[in-house]
Amino acid sequence: MTLRALMVLLGRDLARTRGPLVTAGFGIAVGVAALVFFLALGLGAQRVLLGDVFPIDQVELEPQKTSVGVLSLFGGEYQAPGVGPEALAELRQVPGVAAVYPKLRFRFPSSARGGAEIFGKEIGTHEMLGDGIDAALVSDLEDSARFVDPLTTPGKSCLTDADCAAKDYCERPSDAPSGQCSAPVPAVISRYLVEVFDHAVAPAHGLPPVAGTLVRQAKGVEFRMTLGTSLLGVAPRGKVRTVKIQVVGVSDRAVDLGVTLPIEVVRRWNDEYAGEEASRRYSSVVVRTDPPSATSRVIERGAALGLVPTDTRARDVSVLVSGVLALLVLVSSVILLVGALNISHTFRMLVSERSGEIALYRALGASARDMRRWLFSLATVVGLVGGLVGAGVARLCALLADWRAAVDLPAFPFKPDSFFDFPPWLFLLATGFAIAFAWLGALGPALRAARTDPASALGRPV
Amino acid sequence: MKARDSQSRPERAPIIRARQVSRRFGARGAECTAVSGVSFQVQPGEVVLLFGPSGSGKSTLLGLLGGLDRAYTGQLELFGQDLGRLSDRALSALRGERIGFVFQSFHLLEHLSVKDNVLAPSLFAGAPLPDIDRRADEVLERVGLLARAADSPSQLSGGQRQRVAIARALLRRPKLMLCDEPTGNLDRQTGESIIDLFGELHAELGTTFVIVTHEERLRRLGGRALHLEDGQLVREEPGILDDQTQAEATQGDASQGEAASSHSQSTERDDERGDHEPRRDAAQAEAAQGEATRGDAHGGQAPRVARAEDVE
């Protein structure tokens, strides 16, 4: 049977059996709609939870904490364990590792004040924490180019801030006879910090929440940070001095509580206030993987190096999301199975009613294979149309759900613009599923049609 | 009377060769034998009528001959090919290309037009058939229904519907027409016209006909008659035309030493073996010979379709 002849047969079937075929396709469309809707919801949840809240394509490893550190407090200066260059090199060798970014925590006391641009008055903290990270970690920032060590382009020599332009300050290390004028050190802060501020700090001090306008307003906000002293004490070395910090953006890569600066700046300050060792051994390392499944290998290798993940929530959330997703897919599959049974019933009736016609076709030269092709092609059309309609319905339902969520749900941390993700492969998968289940339903009837005994069936009218 | 192809004889080998063909139905222990040890041959250009009472196995045998039913024992060759050895695809291709079927209940597809019904066999050709549309018009014209090509079969009379079925069977120019009670659902007058049409087609195209019937009036087509009873081939009557075909069939049978249907010696031998070969009815053979002589006297070139009164 030629393709054209097959098309002719299918066209006639669609014209004369439209009702039953629409009914058969309805079950498939409902199943596919549920499948696509749930999968898109799952993917959306995964994107928000694992992409923004708990990034799963990366893992941060830090040295395992031991009681030795506590004991050392009694013996003198505490030397925190660190991640050395050799550990970084080993982690880079793990298959699936896309990049390794060391992080350097502040190893000196500091405090900060500022923020009048946002709050109308200066606020501050007597204990400022912070990290230094590689600029590549915040490459997704709108102004990522600004996240660089300002001394990469040093200004003129200076002794005090008064020697520099109004917006700059004099970056003069403790023992240096003179310094260099420097633009404010760029900093990024975390969304988590913003959430904590809005829900805990702002209400307590009668300050406005900033979440809705933070990205717009926080850029350019300057803080003065005092290095070498804080509420808890003074650094064992170096002089207390003040630097300027300017917020350049909000990033999920920023430390939750504190500021995150270019790693070169922190390395310089750690060297100044905690010694050379504190500037060479990193406090933790962020390993980005591709594919994400390589994360487990990184954790294994890290354990061998005495490094442990700083946060296991990502893995827990990943398991939870995957489990819920699997459950929803199972529900969708059951619906699709019902759709397949519906198709099976319709096709069985069709084959039964047309046994005389099938027998006639056999007498006219159709082979058993032709009959199978005919019914499977019909099932393909039903599955394809059902799949496309189902996917379209799912997309509409998702748009409706997003619209209702935007209107009815209050703002909450990490509230996304859309709860759904519809990658192109999802539509292909849905259509493939629809056709596969349609075939499953048509399998029995198609085999039955191929087995139709023409000699006896031709004894009955068509 | 001689059909055109009977004279030219483009195909010398039998179109059908059945040897000890049996067909049983039902589970073991409760079997029912529909066809039992049937052996016969059909030569190209012959008209063979299968007679017998209801339940004698005529239609079952026709289904076997057309390859529609393959659950038989024995050996069945069609166009020199052993049906038992053919794959489903090969057998289907053979059916589509070389066999035309005409059924008692027409088996037209009511949702299609007359012309689409005629074109139905083209759907299952392995490759697009050239000029198939024109060919459909030709066969419709041949059966006198070109003007009704766009009509639905439901708008046609019984005789017209059977003509459409015949046109459909003729579409791919089959070598063999298998007809199952083609006049069974028609009134006498309409049946007569269908018989005339068969006669004309046989004369024009030289197509081999095997017709299952219980109506004696089809004898005027001049073909050999095989009588079945209880699934057994009990008697054969020579045709009232085509004596040359008969002679060649007999000669072919003798040379093969098989139980050819028209060979009395082999029939006797098979009878001794217990095989169910037809017995020749001498008186009917003489009558048939007389008809053949009348046919020859009619010109000997074009086949003459004997009128009903000739045989009844």
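**Exercise 1. Work out how the small open sheet of chain A is put together, and find which strands sit at its edges.**

Keep in mind that this is a predicted model.

Step 1: Read off the strand order. The open sheet has 3 strands, arranged 6-8-7 in chain A, and their pairing is antiparallel.

Step 2: Look for the edges. Strand 6 (157-158) and strand 7 (169-171) of chain A each pair on one side only, which makes them the edge strands.

Step 3: Zoom in on one pair. Strand 7 of chain A and strand 8 (residues 179-182) of chain A are joined in the antiparallel sense by 3 bridges. Here you'll find A:Tyr169 opposite A:Ser182 of strand 8.

**Exercise 2. Find the partners of strand 9 in chain B, and decide whether this strand is mostly covered or not.**

Step 1: Start with the parallel neighbour. Strand 3 (residues 47-51) of chain B pairs with strand 9 of chain B in the parallel sense, over 4 bridges. In that pairing, B:Leu49 has B:Ala225 of strand 9 as its bridge partner.

Step 2: Now take strand 10 (residues 232-237) of chain B. It runs antiparallel to strand 9 of chain B, and 5 bridges link the two. One bridge to look up is that of B:His227 with B:Arg235 in strand 10.

Step 3: Check the turn. Strands 9 and 10 of chain B form a hairpin with 2 residues between the strands, and B:Asp230 has a positive phi near 50 degrees there.

Step 4: Count the buried residues. Strand 9 of chain B spans residues 224-229, and 5 of its 6 residues are buried, so mostly covered is the right call.

**Exercise 3. Describe how helix 13 and helix 14 of chain A cross.**

Step 1: Get the geometry. The axes of helix 13 (residues 368-408) and helix 14 (residues 424-451) of chain A come within 7 Å, crossing at roughly 150 degrees.

Step 2: Name the arrangement. Angles over 145 degrees count as roughly antiparallel, so helix 13 of chain A is roughly antiparallel to helix 14 of chain A.

Step 3: Add the handedness and the residues. The crossing of these two helices is right-handed, and their contact has 21 nonpolar, 7 polar and 1 charged residues.

**Exercise 4. Compare the span of helix 6 of chain B with the expected one, then see how covered the helix is.**

Step 1: Helix 6 (residues 158-170) of chain B has 13 residues and reaches 18 Å from first to last C-alpha, close to the expected 18 Å.

Step 2: 11 of the 13 residues of helix 6 of chain B are buried, among them B:Arg161, B:Val164 and B:Leu170.

Notes: Residues are numbered from 1 along each chain as its sequence is written. Chains are lettered from A and ligands numbered from 1 in the order in which they are written. This is a predicted model: local features need pLDDT of at least 70, side-chain atom pairs count only at pLDDT 80 or more; totals for chains, interfaces and linings use all residues. A residue is buried if 20 or more other C-beta atoms lie within 10 Å of its own, exposed if 12 or fewer, and partly exposed in between; C-beta atoms are placed from the backbone. Two strands pair if DSSP finds at least two bridges between them. Axes are lines fitted to C-alpha atoms, for helices over the stretch in contact, and angles run from 0 to 180 degrees between N-to-C directions. Angles under 35 degrees count as roughly parallel, over 145 as roughly antiparallel, 65 to 115 as roughly perpendicular and the rest as oblique. A crossing is left-handed if the near helix is turned anticlockwise from the far one by less than a right angle, and right-handed if clockwise. Ala, Val, Leu, Ile, Met, Phe, Trp, Tyr, Cys and Pro count as nonpolar, Asp, Glu, Lys and Arg as charged, and the others, Gly among them, as polar. The expected span of a helix is 1.5 Å times one less than its number of residues.
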